[in-house]
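Please open the model in the viewer with side chains available for display. The tour below proceeds by selection, stating at each stop what is to be found there.

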Amino acid sequence: MKHLKHIISGIALLCSIAAASAQNKVAEGIEADKTVHNFGDILLDSGPVACTFTLKNTGSRPMVIYNVTTTCGCTEAEWTREPVKPGSTAEISVTYTNNEGPYPFDKTITVYASDAKPILLKIRGICREKELPLTERYPVAFGPLGMTDTSLQCGNLEQGGSKSEAVIVANTSGTPVKVEFKDVSANLDISVTPNPIPAGSTAELDFTVTAERGIWGKNTYWATPVIDGRTYTTSDGRTRIGVKAFTKENFDSMSESERAAGPMPRFENSTYSFNRIKKGEKIHAEFTLTNSGKSPFCVYKLDTDVCCYSHSDIPVAAPGEKVTFRVHVDTENMPKGETLVLVTLTTNSPLRPIVNLFIAGWID
């Protein structure tokens with residue numbers, strides 16, 4: 001097996017080449033070659049690691065990056081200081097000092113550019129004291145394809161945009177393998193680089209979710225990996241990879257006066273409390289809101305963090321109107337004891353695009 005540092009260096013080079021054709025709109029008039037760089041596994045004694053993000057000015061006026069900040073002193077950034085003409089690119093070079101110990105790291109880099117909202121970039125990876133076998137580092141196996149988990153997180157995105165993330169996967173076999181995907185959900189793009197994955201090596205699995213009107217709130221997008229033309233089942237019976245993302249409304253084009261004239265929900269109570277109930281009984285939580293804004297308020301979608309629930313219709317609330325809705329939770333598959341259920345509303349309110357409510361009580 002090649003030394004871990006050589007593997008990572010090769011992957012970083014291949015990923016930087018592949019990323020040139022995959023652009024992400026990160027702000028009005030600005031595209032990025034990527035928003036996440038995953039270093040994968042690095043060794044504590046390997047020293048600092050670095051990567052580069054490229055921003056393209058797709059607008060009609062020059063762009064200036066006037067500041068780049070990082071979450072801690074362990075991450076340093078250098079960037080193009082000169083104005084960037086339309087159609088040209090700027091580079092942000094990020095170095096992780098790799099001196100925090102053998103732990104996972106996930107660092108945020110915030111880019112402040114002229115005429116744009118702050119742009120968030122990320123670097124992440126796992127620092128280890130010694131090199132471990134691939135099968136230990138990537139224990140979830142679709143045959144020779146090893147992963148750390150089949151549930152991937154893509155985070156939040158807004159309508160009209162897309163969100164990309166990346167994780168490291170491994171070929172745990174002694175021969176190269178080609179990875180393809182079938183039964184891929186609409187609005188999900190997923191691929192592996194390099195592909196085929198060399199024997200006993202790692203690769204980057206890149207995935208992008210694109211927002212679509214009508215799809216709101218919390219959703220899971222699916223893909224079935226096909227390795228050398230064959231599908232596999234993991235030891236716990238899974239055959240698919242799930243990508244979780246949360247979609248909310250995009251209010252960037254609204255002026256301050258338009259935002260002020262938007263809807264504004266005010267809830268009588270943010271928590272519905274219930275008395276002690278027996279496991280298997282249903283909870284019927286009631287919430288009441290008044291729209292104190294100047295335009296109609298609506299809820300695009302209601303989500304909870306439990307598996308078995310339903311809810312009544314949530315009426316559109318005219319300015320000044322009071323409306324009530326109910327959330328019904330089946331407790332059959334919920335644990336006994338003190339209970340707190342999170343209810344999340346995705347709304348058309350510029351000031352409250354996401355509203356969190358709670359259902360609290362005790363299950364015997």
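A salt bridge is taken here as a side-chain nitrogen of Lys or Arg within 4 Å of a carboxyl oxygen of Asp or Glu. By this rule the count comes to 19 salt bridges. The model is a predicted one.

**The whole chain**

Begin with the full protein chain, coloured by secondary structure: three helices and 26 strands are present. The C-alpha trace spans about 65 × 55 × 40 Å along its principal axes. The chain has 364 residues, of which 45% count as buried. Among contacts between residues at least 6 apart in sequence, 68% join residues at least 24 apart.

**Salt bridges**

Select Arg137 and Asp41. Their side chains meet in a salt bridge, with an N to O distance of 3.1 Å. Because Arg137 belongs to helix α2 (residues 134-137) and Asp41 to strand β3 (residues 36-43), the pair ties together parts that are 96 residues apart in sequence. Are these two residues buried or exposed? Both Arg137 and Asp41 are buried.

Next, select Glu249 and Arg213, which form a salt bridge whose closest N and O atoms are 2.8 Å apart. This pair also links distant parts of the chain, 36 residues apart: Glu249 is in the loop between β18 (241-248) and α3 (256-260), and Arg213 is in the loop between β16 (201-210) and β17 (217-227). The partners fall into separate accessibility classes. Glu249 has a relative accessible area of 9% and is therefore buried, under the 20% limit for that class. Arg213, with 51%, is exposed, the threshold there being over 50%.

Move on to Arg238 and Asp236. Their salt bridge brings the closest N and O atoms to 2.5 Å. Arg238 is partly exposed at 29% relative accessibility, and Asp236 is likewise partly exposed, with a relative accessible area of 47%.

To conclude this part, select Asp106, Lys122, Arg124, Lys163 and Glu165 together: salt bridges that share partners join these residues into one network.

**The largest pocket**

Display the surface and turn to the largest pocket, which holds about 750 Å³ of space. Which residues are the closest to its centre? Of the 27 that line the pocket, they are Lys25, Val26, Lys117, Glu158 and Ser162. Highlighting β1 (24-27), β9 (119-128), β12 (151-158) and β13 (162-171) shows the elements that give two or more residues to the lining. Colouring the lining by class gives nine nonpolar, eight polar and 10 charged residues.

**Thr208 and its surroundings**

For the final stop, select Thr208 in strand β16. Thr208 has a relative accessibility of 18% and so counts as buried, the cut-off being under 20%. Its side chain makes a polar contact of 2.7 Å with the side chain of Ser164. Expand the selection to the residues that Thr208 touches, leaving aside those up to four places away in sequence: Asn24, Ser162, Lys163, Ser164, Asn187, Leu188 and Asp189. Two names in this set have appeared at earlier stops. Ser162 is one of the residues closest to the centre of the largest pocket, and Lys163 is one of the members of the salt-bridge network.

Conventions
Residues are numbered from 1 along each chain as its sequence is written. This is a predicted model: local features need pLDDT of at least 70, side-chain atom pairs count only at pLDDT 80 or more; totals for chains, interfaces and linings use all residues. Side-chain values use heavy atoms; hydrogens and water are left out. Helices (H or I, at least four residues) and strands (E, at least two) are DSSP runs, numbered from the N terminus. Buried means under 20% relative accessible area, exposed over 50%, partly exposed in between (1.4 Å probe, protein chains only). On a 1 Å grid over the protein atoms alone, a cavity is a set of points where a 1.4 Å probe fits but cannot get out, and a pocket is an open set with protein on both sides within 12 Å along at least five of seven lines; lining residues have an atom within 4 Å of a point. Grid points are joined across faces, edges and corners, and a volume is the space filled by probe spheres set on the points. Ala, Val, Leu, Ile, Met, Phe, Trp, Tyr, Cys and Pro count as nonpolar, Asp, Glu, Lys and Arg as charged, and the others, Gly among them, as polar. A polar contact is a pair of N or O atoms within 3.5 Å; within protein, one must be able to donate a hydrogen and the other to accept it, and residues adjacent in sequence count only if both atoms are side-chain atoms. Contact means heavy atoms within 4.5 Å.
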